[in-house]
Amino acid sequence: MAPGCPAGPWAVGEETAILHGGFLLAARLLQPRPLRELRKADWPRAGVPITDALREIGERCPSPLGLWKKEAVAIVWAKILLPAPPAASLEWGWKDDGFFSVGAMIPDVNHTALFELVKALGVPRLWVQLLLALPPAVCREQLEKLVEYISSETSPSDIRFFLDVWWEVMKHREEQEDATVSAFSALIHQHGAEPSLEDGVQPPKRFKGDPGNPPGLPMVLLEGLKQIRGSITQPRLRCYALANLAELLCLSPGLGPGDSPLPVTEHLAKLSATVSLWSSDSDSQYHPCGLAEKVREAERCMSLPSLTEPSREELFGGLELLCSLLQAWGEELQDTLRGSEELCFDSYRLLDALSSLGKKLDFLLETGDLGEGETRVVLELTQLTRDFLRDTSAVLKDLDTSLVSSVAMAVIAQRLDRHEDTCSVFASEKTWAFSKAWVECLVKNKALFQSTELVLKLLETLVDFAMSHHDKEAQELQVQVTKAIVECYTELSLSDKNKVISGVLASWGSQGLSQNVQVVREGLQEDLNVTFNQITKSVSDEGLSRAVASMARLALLSPEATVKQLCHLAVVNLGAHQFLAQILCSFPALSFLESHKDPGRPRSLVVRCLEEAVWGKLSTAREEEQFLQFLSFLMQPGSATPLVSPAEVTRAFVLPYLKSDSPQIELSLQILSNVLGISPCSEEHWIKSCHPFPLLLSLCRLLDGYTKYWHQPREQLFPSLETKDLILNILCQLCELVAPEPVPSSELWVQSLAWLHRKVAALDWTVGLRLKNLYGDHFKNEVPATLFEICRLPEEEWTSQSWPAYGPGSGLLAWMECCCVSPALRDTMLALLTVNVDNPQEVNLFSKGFLVALIQVLPWCSHGEWKRLVPVVEQLLQRQVLHVPYTLEYVQHMPLLNLRPFACHLQLSVLFLRGFQLLCSSSCSSWLPPEAWLHVVQLYCASLTDLLASIKATAGASPQPCVQEVSFTCIQLFCHLLHVAAMLPAGGCEEPLLVVALEVLSQYEVSSRADTSPCAALRRANEGHFLESITDNVGHEELRSTLLQKLSKLGARSEH
């Protein structure tokens, strides 16, 4: 018997030698009878050496958890159960049998020595552990031996021992066996087929059923109680016996389903009461134990496993026995309980068990199929129980539950049953919170609080304490607790972290903990700066998980400050916006809707943070672009959940700023264009929740403002002409989205459309044409009456209006403005145009009017509108409706070339030249403000770039080589361009002209060098001189010198 020795309980050592000596002395005292004939009356004399030996072992060889006691009991019991080894085994037994050596040291003993040894050691629990490790038949037999033993010459210690064993049998749970129990069980099972030393019982092989509750044990216990009932005279032992019996019956499945677990607060109160009773009762075996051990044992007492279901006869036998005992002892016990100053644990158990049994008896009467005799027993016991409790249960009201908090902490520290439920109470019970013991328990047991519910409860407790405690000591405790809670939170999954953040936002709003916890506020900004500095330095997929973890901690402390800091950095940190958007989208909880300012119109926390931290503070185009991309990612983060919705973004960043004088108008329009590209999540498009008709009207008013674009006061804000195309695209998309389904339109929709039509009627007439897809058949196209003079417009679709600005001869202007509206309307206008080509005068008038109208429209065209208008010119030239004679003012010699494929290109270039001649004439010199000229030139240059591309494509598609024709055409374009440059007002327009001029020369160079005809060199030389002479006349110094430099390089290359 060497505690902690790898050889286990059967090892021979110092402890075994001491025990051996004790038994030898006991045998000497008992002579001439052997120890195996020891009687109960002999123990006070013969047992002294054995108890002295055990005391010496305990003093000299202390072992944890009283292991030496268990090993001593196991050795003695095994000696009793195992047969004596045959004489022939002496030579080899010590090799093959682990118990052989230690067993040989102990003389043959009987059960008297075993039972008295266990009583002397006070270890009924250890005895029961070993008992229940035996094969079932042997287990029952050994319990019967105990009953037989205590029934003879019964003493109070026998009764206490029997009741203790009973109580331990009920409390026993199947847990992992320790080494001693395992070795004992294996040893007995190994010799299971051999006869017992005392009575020849042959235990069966190892039983495969439930070893924790072998069949028949409850009946053996009941039989034992019947036999000793007359010897139980002390009130305390009577309470003990009745409590055991009542609880045994309560555990029987025959009395109905098991009780549902108590609420954890009641469970803790009962634990606390039990511990208090033991602490105040000096006679309790648990009185000297520490709090942790008392709590551990109290929980064993409350968590009893169900027993094997007894037969009906056995069950009602137990009920009859309880009935009989209550009749015999009830009145006396009632008097004792009423008169006692303090309740002991046994009487407390009795009252509690009888209360539970009473409920089960009521259930049995209601649902059980009882015979006459059974009904009589149940009714009688029910009445006895009620009477007993009525007169005695009042003593339960004064139970001490002051130790509940300490008990709860002990449950948590030892991970006892229901410790998870206890953690929930611990986290939320504010009367316990922030004591030093509470803080210490939380810090030491952080691993048990790593759940969403517990973290939120701890946070609520922290906030509640922080709001009412502001002294230095309290703040130090808050720092410790906050750190512990954050560490628990850090271990949660990302999904659970989001749940916690949602709870924080719901409880304390966007400022989170920082709103009420001063220790969180202190140093928060520095924490934000340091953390985000680290995050922005680790922009990578590998750094994402670390960044999300860091962000999660900050979002717990102050969601609003964290989101604002991230949004700010997403805009100002070059290239970090997508990485930061990924981080932010990892927290769908931050899509929290705030409603404190306007309960009827909640808005997103993220959107508000964007408004306050970023919107209106964007200082560069790059910041605006990063903001747009950041916002787009938040709405469409790929596989993640969108953090903001298109509708929220539209309401926050678009609707309030769709005014021509808003500084954010162009950015708002870009945002609107982006969000309209996001597919809706439901059948009805989200834009319909964003006041679509007022939104349409705002866009229409912006378009109307463009009709006065060049006449707006300079100091007045207005979106640029480049933004006009964006507005037009948005308007087109909106018309498609807002248009009704092909079912009858709702009355509200029709009313809204009529409202929009009335409002738009006050704007420029072209705005209404852009709403045709929305208007459908509800309204006709309203156009100037003069348009009907040059077009065959069907009256069922078109209606004329008389507007002062469109007097006689303005039909072509109106027609051209229609062509700018959309490709579809442009094609309609071309199809409906009426020009009699057989009438030379009409063609001439049309061509002159066309040029005037073109010049009138040109300055107000956006780039997109101009691109729609140029094909109109090309088509009219191809149809020969538009007459543009080509003059030879820039031709030295008549070219003998096939210029027919390039006729349209040359005519278009001449038309542009004629337009600028008109535009720059004295009659129009004051028509445009200076800033308009740059826009007009940009449109002209864009057309020339497209014209060059068309020339190249035409040449590539020609079946015959045409390099000379391309060279000629390029020269003409170059001359026309320089002519235009010479006419323009000085300053501001040279750069786009220079760029296009260089493009023309580059194209000329390519075609010229491709010319391999015999006179190619001479032709290039002549053309070079001609181009230089033309360029020499350019007035602008920088334009002239750059072009001459380019031409000199062309000449130098041509010579080589």
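**Exercise 1. Place Leu361 in the fold: which helix holds Leu361, and is Leu361 buried or exposed?**

Solution.
Step 1. Leu361 lies in helix H17, which spans residues 345-367. Helices (H or I, at least four residues) and strands (E, at least two) are DSSP runs, numbered from the N terminus. This is a predicted model, where local features need pLDDT of at least 70, side-chain atom pairs count only at pLDDT 80 or more, and totals for chains, interfaces and linings use all residues. Residues are numbered from 1 along each chain as its sequence is written, and side-chain values use heavy atoms, with hydrogens and water left out.
Step 2. Buried means under 20% relative accessible area, exposed over 50%, and partly exposed in between (1.4 Å probe, protein chains only). Leu361 has a relative accessible area of 0%, so Leu361 is buried.
Step 3. Contact means heavy atoms within 4.5 Å. Leaving out residues up to four places away in sequence, Leu361 touches Leu319, Val378, Leu381, Thr382 and Thr385.
Step 4. Now look far away. Gln670 is 309 residues from Leu361 in sequence, and their C-alpha atoms are 78 Å apart in space.

**Exercise 2. Count the disulfides, and explain why Cys323 has no bond to Cys250.**

Solution.
Step 1. A disulfide is a covalent bond between the sulfur atoms of two cysteines. The test used here is a pair of cysteine sulfur atoms within 2.5 Å.
Step 2. Take Cys323. The closest cysteine sulfur is in Cys250, 15 Å away, so it is too far for a bond.
Step 3. The count comes to zero disulfides.
Step 4. Check the surroundings. Cys323 is buried, at a relative accessible area of 5%. Cys139 is buried too, at 0%.

**Exercise 3. Examine the salt bridges: how many are there, and which parts does the pair Glu612 and Lys564 tie together?**

Solution.
Step 1. Side chains of opposite charge can pair when their charged atoms come close. A salt bridge is a side-chain nitrogen of Lys or Arg within 4 Å of a carboxyl oxygen of Asp or Glu.
Step 2. By this rule there are 48 salt bridges.
Step 3. Glu612 and Lys564 form one, at 2.6 Å from N to O. Glu612 is in helix H30 (residues 605-613) and Lys564 in helix H28 (residues 559-572), so the pair ties together parts 48 residues apart in sequence. Glu612 is partly exposed at 31%, and Lys564 is partly exposed at 22%.
Step 4. Glu1037 and Arg1040 form another, at 2.1 Å from N to O. They are three residues apart in helix H48 (residues 1037-1055), so about one helical turn separates them. Glu1037 is partly exposed at 48%, whereas Arg1040 is buried at 18%.
Step 5. Salt bridges can also link up. Arg125, Glu168, Lys171, Glu297 and Arg300 form a network.

**Exercise 4. Describe the whole chain: what is its radius of gyration, and what would a compact globule have?**

Solution.
Step 1. The protein chain has 48 helices and four strands.
Step 2. The radius of gyration is taken over C-alpha atoms, and the globule rule is 2.2 Å times the number of residues to the power 0.38. A compact globule of 1056 residues would have a value near 31 Å, but the protein chain has 51 Å.
Step 3. Along the principal axes, the C-alpha atoms fill a box of roughly 155 × 70 × 60 Å.
Step 4. Buried residues make up 52% of the 1056 residues.
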